[in-house]
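Thanks for coming. I will go through one model this morning, and you have the sequence and the coordinates to follow along.

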There are 2 protein chains.
Amino acid sequence: MMREFKRKSRILLVDDNAEHLRGVKELINLETNYDVVGVTTSANVAINLIKKYRPDIVLMDINMPEKDGLQAIQEIEKLELDTKVIALSGYDDADLIFRAMKLGAKGYVLKTMASAQLIYAIDEVAAGKIYLPSALSSRFFEYFQRSFKNEAAVQQEENLLTYLTSREEEVLDLLTQGNNYKGIAAKLFISETTVKTHVNNIFQKLQVNDRTQAVLYALNNGFANRRRVKAAV
Amino acid sequence: MMREFKRKSRILLVDDNAEHLRGVKELINLETNYDVVGVTTSANVAINLIKKYRPDIVLMDINMPEKDGLQAIQEIEKLELDTKVIALSGYDDADLIFRAMKLGAKGYVLKTMASAQLIYAIDEVAAGKIYLPSALSSRFFEYFQRSFKNEAAVQQEENLLTYLTSREEEVLDLLTQGNNYKGIAAKLFISETTVKTHVNNIFQKLQVNDRTQAVLYALNNGFANRRRVKAAV
DNA sequence: TTTAATCTAAATCTTTGGATGGACAAAACA
DNA sequence: TGTTTTGTCCATCCAAAGATTTAGATTAAA
C-alpha cells in the first residue's frame, strides 16, 4: 500500500534569510515526494514566480522587512489558484497566527520547530488539510474566543439602547438604513414632525448630537442583533 | 518528577444518553487524576449542578433534544466561572464545531473517537489549553476561512472606496467617527468650506446623498480595513 | 383614580448640511 | 512642455436637520 503513483508536490520557498532558506531546501529535498521548484528572498518576486510556475505549496516567511509576508499571503489568495500557503514564522504570537489563518494560510509553522514537524505540516497541507500544531492551535483559539467574548460583553454592559422604546427602535432602525426624516415618515405612516420628536428622544437617550453619531452608536453596540435587520444602503 | 500533589480535577458529565454516560464515567474513573463529581442527562439540571459544585471540567453533549447543548455552553460561559467546557458530539459538522468554539468551549470531541483521545483532550484542557483534535481543527479552519473569504470578496468587487483620494479618505475617516464639518475642519487644519468640497466629492464618488449613507457605505465595504482606524464614538 | 409613559403632532427658530460654480497653486504625468 | 489631478478656498442659496416647547390621546401601572 501507499504505492500510488502520485505526482510530486511542487514547493516554493520564500524567506529573506538565505541561510535558513538553504537549510529548509535541503531538508525538503531529502523527501522523495516533494520538489523544491524555486526559492526566493523577496515576497514580490515570489508573487511573480507563483503566477508563472503554479507551485502546489508555498512556504512563506512572514517576518520579512521589505514586504510583509502577510500581505503577500493576501495577494496570493486573491489570485485564486490552487496554491496552498504555509506561513513560516519566528513568533508564536496569537495575533500573527490569527491574521495568517484569516488571510487563508493553510498552515503555520514555527522556525524553531523540529524539521519533522515541518515535514508533517507539509504532508497534511499537501493532502488538502489545514494544519496548525497543537500549541499554536491553542493560541489561536484563545485569541478567537477572546474576540468573541468582548463582542458579547459589549452588548451587555449598560447599553443605552435598552432605554429605547420599541417605536424609537423602529425609527433608529430606519436611520441605520440611511433614511432621512421624510423617508422615515413615509415608511411609518406618521408625520415628519413626529419622526423628529422620536429622533430627538433617541439623541437624548443615546447621548449623541446627530444622526450619524446615533447610527454609529447603534452599529457599535449590537443594535442589529437586538433587532433582526439586514445590511444597510 | 510529575510528582506534584495536584488536586484532582473534578468533572461533570452531561449526556442525555444514559448508556453512553455510564461508559464515559467508568472510563474517567480509571484515571487517577480525575473525579467524576456528577452526571446528568439534562442540560437544565447541569447548569444548577455547575453553580453548586463548581466542577473544573464539564463534558457536555451538544446533541440533546430538550435543551440545546450549545445554548447550555453559552449559559455556562455567562456565569464567568473557571469551569471549562468540552463539547461532546456525534457529528464532525464544521458549523457545529465553529459555534461551539465561538461560544467558549475549550474542546470538542467526537463520541466515536477512541477513549484515549478523550482522556488526552481532558488532560490538555485541564492543563489550561484549548484542544481540538487535528481532524476537527482542520474542519474548523475551512469554515473559518470560508467565512472570511466572503468578507474579503465584498471588499474587492467594484469598491467605490478605491476612487477616493487620500485626503478624501482622511475626511471620510473623520466622518465615520461622528464629526461634523466644523470638527473635521479643526482636526485637519483646513477651512470648513474645503471640508464641504471634499465631502461633496465623496458623495459623488460613493453615489450617496448624505453623510449617514456615506458612513454606512464605508462601514459596509471594509473602509476600516483600508485605513487603520479604531472604533468610533 | 391619579400617575407615569408613550406616541402622536405642531409651531417656531437656529444651526448645520449640501449643491453649485468658480478660482488658484502645486504636483504628478505624459 | 502642456494637461490632469489634487488640494485648497470662497460665496451663495436652499433644504434638511435639530432644539425647544407645548399638548392631546392612549394605555399601563400604582
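**Helix 7, the two copies, and the DNA**

I start in helix 7 of chain B, where the buried residues are Glu168(B), Glu169(B), Val171(B), Leu172(B), Asp173(B), Leu174(B) and Leu175(B). That makes 7 of the 10 residues of this helix buried, so helix 7 of chain B is largely enclosed by the rest of the structure. Before going on: this is a predicted model, so please hear everything that follows with that in mind.

Helix 7 of chain A reads the same way on its own count: 7 of its 10 residues are buried, and the helix is therefore largely enclosed by the rest of the structure. The buried positions there are Glu168(A), Glu169(A), Val171(A), Leu172(A), Asp173(A), Leu174(A) and Leu175(A). For this purpose, buried means under 20% relative accessible area, with only the protein chains taken into account.

Now the chain as a whole. Chain A has 11 helices and 5 strands. It runs to 233 residues, and 46% of them count as buried. If you take the contacts in chain A with a separation of 6 or more, 66% are between residues 24 or more positions apart. The accessible surface of chain A is about 12,100 Å², and carbon and sulfur atoms hold 49% of that.

Next, how are the two chains related? Chain B superposes on chain A by a rotation of 180 degrees with a shift of 1.9 Å along the axis, and the RMSD is 2.2 Å. The two copies are thus related as by a two-fold rotation axis. Within chain B, Thr212(B) has the C-alpha nearest that axis, at 2.6 Å. As for the interface, 100% of the interface residues of chain B are also interface residues in chain A, so the copies meet through the same surface.

On to the DNA, beginning with strand C. Which residues come closest to DNA strand C? Of the 17 residues that surround this strand, the closest are Thr165(A), Arg167(A), Thr194(A), His198(A) and Asn200(B). Sugar and phosphate make up 69% of the atoms of DNA strand C that come within 4 Å of the protein.

Three contacts to strand C are worth listing. Thr165(A) places a polar side-chain atom 2.5 Å from a phosphate oxygen of the strand. Thr194(A) also has a polar side-chain atom by a phosphate oxygen of DNA strand C, at 2.8 Å. In Lys196(B), a polar side-chain atom lies 3.1 Å from a base oxygen of DNA strand C.

In terms of secondary structure, at least two residues of the surface near strand C come from each of helix 7 (166-175) and helix 9 (192-206) of chain A, and from each of helix 8 (181-188) and helix 9 (192-206) of chain B. Helix 9 of chain A has the largest share, 4 residues. By residue class, the surface near DNA strand C holds 3 nonpolar, 9 polar and 5 charged residues.

Then strand D. There are 17 residues around DNA strand D, and those that come nearest are Asn200(A), Arg211(A), Thr165(B), Arg167(B) and Ser191(B). Of the atoms of DNA strand D that come within 4 Å of the protein, 69% belong to sugar and phosphate.

Again, some contacts. Ser191(B) uses a backbone N or O atom, which lies 2.8 Å from a phosphate oxygen of DNA strand D. A polar side-chain atom of Thr194(B) is 3.1 Å from a phosphate oxygen of this strand. From chain A, Tyr181(A) has a polar side-chain atom 3.3 Å from a phosphate oxygen of DNA strand D.

Helix 9 of chain A, and helix 7 (166-175) and helix 9 of chain B, each supply at least two residues of the surface near strand D. Helix 9 of chain B gives the most, with 4 residues. The classes here are 3 nonpolar, 10 polar and 4 charged.

Last, two backbone points in chain A. Arg54(A) is not a glycine, yet its phi is positive, near 45 degrees. Arg54(A) sits in the loop between helix 2 (43-53) and strand 3 (57-61). Glu80(A), also not a glycine, has a positive phi of about 60 degrees. Its place is the loop between helix 3 (69-78) and strand 4 (84-89). Is Glu80(A) buried or exposed? Its relative accessibility is 55%, so Glu80(A) counts as exposed.

Notes: Residues are numbered from 1 along each chain as its sequence is written. Chains are lettered from A and ligands numbered from 1 in the order in which they are written. This is a predicted model: local features need pLDDT of at least 70, side-chain atom pairs count only at pLDDT 80 or more; totals for chains, interfaces and linings use all residues. Side-chain values use heavy atoms; hydrogens and water are left out. A residue is near a molecule or strand if one of its heavy atoms lies within 4 Å of it. A polar contact is a pair of N or O atoms within 3.5 Å; within protein, one must be able to donate a hydrogen and the other to accept it, and residues adjacent in sequence count only if both atoms are side-chain atoms. Ala, Val, Leu, Ile, Met, Phe, Trp, Tyr, Cys and Pro count as nonpolar, Asp, Glu, Lys and Arg as charged, and the others, Gly among them, as polar. Buried means under 20% relative accessible area, exposed over 50%, partly exposed in between (1.4 Å probe, protein chains only). Contact means heavy atoms within 4.5 Å. Accessible areas come from the Shrake-Rupley method with a 1.4 Å probe; for residues, only the protein chains shown count as cover. Copies are superposed by least squares on the C-alpha atoms of residues with pLDDT of at least 70 in both.
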